[in-house]
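Take a moment to look over the sequence and the fold displayed here before reading on. The paragraphs after it go from the chain as a whole to single residues.

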Amino acid sequence: MSVIVAGPDWSQLANYTDGAHSMAVVAPRGWHCSAIDAADGNVDVFVAPPGTSSATAAGADTTDLREGIGAYLDGRSWELTCAAMPDLVLSGSSRCSKVPAGEKFTRIDHTTAGFVDPPGVAGIGTPSGGRYTARGQIRYSPRPIPTMGDLAAEVTCTLPASDASMCQTILDYFRPWVDPIGDPDAIQQCWRYYSSRNSAGPVIAGFDTTEGAANRYLDLVSGTPSQPPAVEHDAKHSSTTPTALCVFEGSYDAPGFVATRAYIIVGAGGKALYPSVFDDQTTTPQRPAP
């Protein structure tokens, strides 16, 4: 399935997705794709030029001589991130695969890493190992609630060197659902707070705002003042200082389906600002009787 990407600069590109719309992959218009939405939630997409098989790739570290764009989303977070983002300190059931000679990783942010597999190097990219350089990204998403697993997504663009700029566009516009929502700069501030404190759940959203506007938002969702009455009208409550309003997934009570989100206002460098945490408990319907 393909959907035309709007905009005059995109006349040669289209947006390809799987049947469940779990992720979107930009690729040249007129190419064809295959996708697998597995019962376990894993998703594979492969977009290939006319005359080339679009069968989904065999997997990482496997030679694939094709030109094309491959992407997948699954729960193999350890295998995807252990070499590219070792500081995440994830656990796995096997040893981290040896990085093949020539494969290079570049850290982009707290949960994203880029990689390059040169021609002839069968690395984490799918496809890789053929005559073209494979350029890609790995994105990690922590578990949204403690009772669920974390996820990782990977996208690879393997095209001739003359299409390097197109590959960058393809990587920039890869959209797996693991990405947090909101403003990129605000999300980075939220990750800085998370990495320095590690006292809140995974980042699920980040929004650019001001300290005063963020406090008023907390008043709105809580129905009560977000600060003690003595400081309700002070400079902090009406401040225009740029901040990020970070939304974290907190605790999750499975039997009662009660999820607690933590709202944290942070400033430059991920420094927490007053009020530091506000909990919004949302109760969802009970599970059907067995």
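What follows is a walk through the chain, its sheet, its disulfides and a few local details.

It is worth keeping in mind from the start that this is a predicted model. The protein chain has 290 residues, of which buried residues make up 46%, and its secondary structure comes to five helices and 18 strands. If one takes the contacts in the chain with a separation of 6 or more, residues 24 or more positions apart account for 48% of them.

A good place to begin is the sheet. Seven strands make up an open sheet in the order 4-5-7-12-11-9-8, and their pairing is antiparallel. At its edges are strand 4, which covers residues 32–37, and strand 8, which covers residues 104–109, each of them pairing on one side only. On average, and with direction ignored, neighbouring strands of this sheet are turned by 15 degrees against each other. As a general point for the reader new to sheets, strands pair through backbone hydrogen bonds, either parallel or antiparallel.

Starting at one edge, strand 4 and strand 5 (residues 43–48) pair in the antiparallel sense over six bridges, and within this pairing Ala-35 stands opposite Val-45 in strand 5. The two strands form a hairpin with five residues between them, and in its turn Gly-41 has a positive phi of about 95 degrees. Cys-33 has a relative accessible area of 22% and is therefore partly exposed, since buried would require a value under 20%.

Further along the order of the sheet, strand 7 (residues 68–74) pairs with strand 12 (residues 151–158) in the antiparallel sense, here over seven bridges. In this pairing Tyr-72 stands opposite Glu-154 in strand 12. Across strand 7, strand 11 (134–141) and strand 12 lies helix 2, which is made of residues 164–172 and runs at about 10 degrees to strand 11.

How many disulfides does the structure contain? The count comes to three disulfides. When the bonded cysteines are counted along the chain, the disulfides follow the pattern 1-2, 3-4, 5-6.

One of the disulfides is formed by Cys-82 and Cys-96, whose sulfur atoms are 2.1 Å apart. The torsion about their S-S bond is about 80 degrees, so this disulfide is right-handed. Both Cys-82 and Cys-96 belong to the loop between helix 1 (77–81) and strand 8, and they are 14 residues apart. Is each of these two cysteines buried or partly exposed? Cys-82 has a relative accessible area of 11% and is therefore buried, because that value is under 20%. Cys-96, with a relative accessible area of 31%, is partly exposed, because that value lies between the limits of 20% and 50%.

Another disulfide joins Cys-157 to Cys-167, with a distance from S to S of 2.0 Å. Here the torsion about the S-S bond is about -75 degrees, so the disulfide is left-handed. Because Cys-157 lies in strand 12 and Cys-167 in helix 2, the pair ties together parts that are 10 residues apart in sequence. The disulfide therefore connects the helix to one of the strands that this helix lies across. Both Cys-157 and Cys-167 are buried.

The remaining pair to describe is Cys-190 and Cys-246, joined by a disulfide with an S to S distance of 2.2 Å. The torsion about the S-S bond of this pair is about -95 degrees, so the disulfide is left-handed. Cys-190 lies in helix 3 (residues 184–197), while Cys-246 lies in strand 16 (residues 242–253), so the pair ties together parts that are 56 residues apart in sequence. Cys-190 is buried, and Cys-246 is buried as well.

A few local details complete the tour. The structure holds zero aromatic pairs, but an aromatic ring does take part in another arrangement, in which Arg-66 lies over the face of Phe-46, at 3.9 Å from the ring centre. Elsewhere, a cis peptide bond joins Thr-126 and Pro-127, with omega at about 15 degrees. Pro-127 has its place in the loop between strand 9 (112–117) and strand 10 (128–129).

Note on methods. Residues numbered from 1 in each chain as written. Predicted model: local features only at pLDDT ≥ 70, side-chain atom pairs only at ≥ 80, totals over all residues. Heavy atoms only, no water. Pairing = 2+ DSSP bridges. Helix = DSSP H or I, 4+ residues; strand = E, 2+ residues; numbered from the N terminus. Axes fitted to C-alpha atoms, helices over the stretch in contact; angles between N-to-C directions. Contact = heavy atoms within 4.5 Å. Disulfide = S-S within 2.5 Å. Buried < 20%, exposed > 50% of the residue type's maximum accessible area, 1.4 Å probe, protein only. Phe/Tyr/Trp six-rings, centres within 6.5 Å; stacked < 30°, edge-to-face > 60°. Lys NZ or Arg CZ within 6 Å of the ring centre and 35° of its normal.
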